Every structure is written in C-alpha cells, then in structure tokens.
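Q: I'd like to take a close look at one part of this model with you. Could you walk me through it, step by step?

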Amino acid sequence: MTSVLIVGAGPTGLILALDLARRDVGVRIIDRSAGFPRASRAKGPNPRSMEVLADLGVIDEVLAAGSAPLPMRKYRNRTPVTDTDPYEGSAPTPDAPYDRSWLIAQWRLEEILRDRLARYGVRVELDAELVAIADHGNSVTAELADGTTIGAGHLVGCDGARSSVRKLLGLSFEGKTSEDQLMVCGDVELTGPDRDHWHQWFDEDGAVLLCPIPGTGSGWWFQSVPEYAADGAPLPASLDGFRRLLTRYTGLPGTCLTDATLLSTDRGNERMVDRYRVGRVLLAGDAAHVHSIAGGLGMNTGIQDAFNLGWKLARVATGRSGAALLDTYEEERLPVAAWTLDLASDRLRATLDAIKEPGGGLDAAVSRETSGLDRGYRWSSLSPGGPGTPAGTSALRPGDRAPDAPCRDAATGEPTRLFEAFAGPHFTLLGFGAESARALRHAETEHGEAVRTYLIPSPPHPADRVPPHPRTLLDEAGHAHAAYGATGGHVPALVLVRPDNHVALLATATDSEAVRTYFDALAR
C-alpha cells in the first residue's frame, strides 16, 4: 500500500507528487490518458508559482525552456494600433525575485516536473482510469477501469474540471456557466506574424489572439470568438474554422495555419466545491475550482493548492501530526479559491471593458493581485498572533508569504538568499540579533531535522562581533531586517517559516517556548 495516491498528472498533481517524494513519502500518481498530451493549455507560472518551482529545484529548467512575457500588439480593423508591455517599469525586488509571469507551454512544464519526479523513482502511471473509491477509515482503495485496485493511506484528486474523484465523492460543483462568453482555443502551427509580440486583433464583433509558444519554431496559442451556425448555435473548434476566423479578423490567408491541436471551447465556467476533504480523500486544482481564464490564475491556483497540501499530508502520512492538520488545507485554500473566482471575474470585466476601445487588450487582466504574491492565511488556525508578536513586525503577520532577501553566508563569504535557506521540506527558524542564538540552539535540540535555524546578526558586521552559529547569514544591506520588521531598534525577532514559505510564528528573540508550543500544537 502506498502512502498517497494522486489521481491526475497535470501540474497540480506533479507538484504534489514531487513535494511528497522529496519528503520520502511513498507516492503513486496515475492518469487516465493513454499518453502524455503535447499541448500548451496554461501559458505559464505567475511570480508566486515561480517561487514554488524554485523551492522544488526546477526553476532553472523552467526559465531556460520558456520566455519572458512578450509585448502585446493590439489591432483594430486589421491595423496595428498600439504595443503595450504590461510589465514595463517592473523589476525584481529584494523581497520578490520574480516580478512577472513566465511563458512556457504546459506540456514542457509537465516534462520538467516528470523528469525531476523520476529522480525520486516515481513515474506517472498512464491509462489508469479511476472508477470507484472506498474509504475504509484507516485507508483508501481505488478501483481502476481494468479491475485493478490500489490501496493508499490518502487519495488526492488532481484530475481537472471534470474530476472523477469529485464526482465519486458526490460533491457539488456550484457556480455558473456564462454561455455568452465563449472562446475557441487551440495550439496551432502558423507562419506569417512576427514572433516577438503577442498579437491581439479586437473588433466590435469578435477577436483573434495569437501568442508564440516558446521553444517552438511555428507553434502558437490560438484564441478566438467562435463561429456560429445559421440557427445561432456556436460551432465547435476546428482547423477549418480557425482558418476562417484567422482570415476574417487578421486578413492573413487561412493557408498559413497548417495544423491545430487541443481544440476546445471555453464557456466561462465559475464553479467551486464547498469541501476540499472527505475523510482520507482530498481535492486540489481544477477538480476543486474553475473560473475565467482572465489573469492566468487557473494552473497557478492549483500549484498553490499542491504546495499548501504537500507538507501537511507528509506530516500526517509519517505520523508527525494528527489528521486534524489536513483540515487546515481546506481552512486556508477554500477562501483563496473563492477570492480567485472573484478576481478572475473582475479581471474579465476589466478586459471586456478595455477592448471596447482601440488599443485595449489582455494587459487589462494583469494586476498586482494576479501575481499571487499577496495571498496569505492570516485567518488560519496555523497563524497565531496576539501578545507574542514583537513590536517590530507591524507589517508582517503570521500567515503572510515569507519575503526573500539577499544575504551573505558568514562561513563561506558567498552570496545567498533567504529563499535558498527556506528551500526544502523543513521549517526554517530565523533569529534576528545575537539575543536569538540561544533560542535557535534550543529549537535544533528539540526539533532536529524538522527545523533549520539561521542567525541573522544586526548590521554592521565586524568580524569580531558576529556571534558564532553553524548557519549565520549576514544582512549587509539590511533587506532581511526591513522585510521582517527587525529594524530601527525594535526588539529582535524569531520568525518561524512554514515549509510552504508562509510565516508560521513571530516571537521575541528569547521566546523558545513559543516555538515549542507551535510544534506541540502541530503534532496533535
């Protein structure tokens, strides 16, 4: 019997499998498809998902396989009107190393994740269609279409909007479908337009959007309004239909479009479940929520689901925490799903308003909120606040995303970052100021490999004033102190960071008991 069975091998399922595998949790991942789809689907990770991919050790491959977002060229009546770069003037900051989304075909991202997963001895099992689930209280049995069964400690449905897991659980998928907001989509082979822009033809009666797929010579993401039959019914996406739409809105000859795959019709679904967990079975990604494609939030919300669930499921599967910890997955992610539906709807309205005027385009869907960097869990039972929160951390609160900062390793002199300290399956305890050294030693003694501790002395750092600690980071520019509120003479702080890089606890520098209390509660 495996510890965790994951159903669905898209980005959400692969991220979860990879996070569990690196924690030495037994995991199997199955998918109903007979082969791996070579389709782009989502256009790439947003800045917060980039941070997750960095933590999992695949960011270099993702950056190499994709490209930065392209300037958007908008047309009216087939004539170029304006070029817009929604990220113009944007740049990485000390606390956020990724300031923009990254264009990469979904099939390429999945390849990268599968390759990394294979290093842990885990491979996706194809042609495995789930038809039944039995929860026995202390285990789960999954039955496949070919009659085989798989026993697992927990099962996670990452199997998309038409989730078999969700349907087998009998969960409702409440929401609405906007039949008046149809869009046909596909991956096409096309020659003609330059590949340095995301081309967007918007007219009063329709639109065609063409974005080059990185890593291909002639591959494009194609999106358009559908064609309609004489009775007003929308026609399904097709190669010939794409050619006609291309010529109608762009003036390009249909013959320059030579192939089309992953043909689909997006009907503007906005739906979500009211539960993420039923006993030993959980949902993540599109299996739990779907919404407008505006803002590119679909795959990214699924990635964040998986990263939130991974460390919790690992602790429960290995007996370090009770099953109640899994309740916090729904507690934290269900409100985020509801917020995401609202945000995607808002970004869609903004886009529809923008394209009414010449020069309007998909840049209207891009906002600070779509980066994912401002999502946290301040309301969570895993985010204690109150009197233990030091005065110097008025901006940062438990549950917030933990900021990055450039530092220098005191032992080697090499530059490093807080995100490098966070990377991996452990909690991280930062101690700001020499007064925190004793609390750091206590944490290492009591919690062992579950916690990695770092001392961050207050700048400046004369060699004879750097207190001894096995892992000491020099904050020479003061960015770490500023990000975590340990500046201006405030009380130096202990900051406990969760494995999914959210702040777990803020305490005064000598408060070892606060850290002990947090882990005691986590173990229940």
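In which helix is N300 found, and what surrounds that part of the chain?

A: Happy to help! This is a predicted model, in which local features need pLDDT of at least 70, side-chain atom pairs count only at pLDDT 80 or more, and totals for chains, interfaces and linings use all residues. Residues are numbered from 1 along each chain as its sequence is written, and side-chain values use heavy atoms, with hydrogens and water left out.

N300 is found in helix α7; helices here are DSSP runs of H or I with at least four residues, strands are runs of E with at least two, and both are numbered from the N terminus. With a relative accessibility of 3%, N300 counts as buried (under 20% relative accessible area, with exposed over 50% and partly exposed in between, using a 1.4 Å probe and protein chains only). Leaving aside residues up to four places away in sequence, N300 touches G44, P45, N46 and S49, where contact means heavy atoms within 4.5 Å.

Now for a helix that packs with α7. The axes of α1 and α7 lie 8 Å apart, at an angle of about 25°; axes are lines fitted to C-alpha atoms, for helices over the stretch in contact, and angles run from 0 to 180 degrees between N-to-C directions. The two helices, α1 and α7, are therefore roughly parallel to each other (angles under 35 degrees; over 145 is roughly antiparallel, 65 to 115 roughly perpendicular and the rest oblique). From α1, the contact is made by P11, T12, I15, L16, D19 and L20, and from α7 by M299, G302, I303, A306, F307, L309, G310, W311, L313 and A314. Sorted by class, the contact of α1 with α7 has 12 nonpolar, three polar and one charged residues; Ala, Val, Leu, Ile, Met, Phe, Trp, Tyr, Cys and Pro count as nonpolar, Asp, Glu, Lys and Arg as charged, and the others, Gly among them, as polar.

Helix α4 belongs in this picture too. Its buried residues pack against α1 (11–21) and α7 (298–317), as well as β2 (27–30), α2 (47–55) and α3 (59–65). Since 10 of the 13 residues of α4 are buried, α4 is largely enclosed by the rest of the structure. Among those buried residues are W107, L109, I112, L113 and L117, and also E110, R114 and R116. Helix α4 covers residues 106–118 and reaches 18 Å from its first C-alpha to its last, close to the 18 Å expected at 1.5 Å a residue (that is, 1.5 Å times one less than its number of residues).
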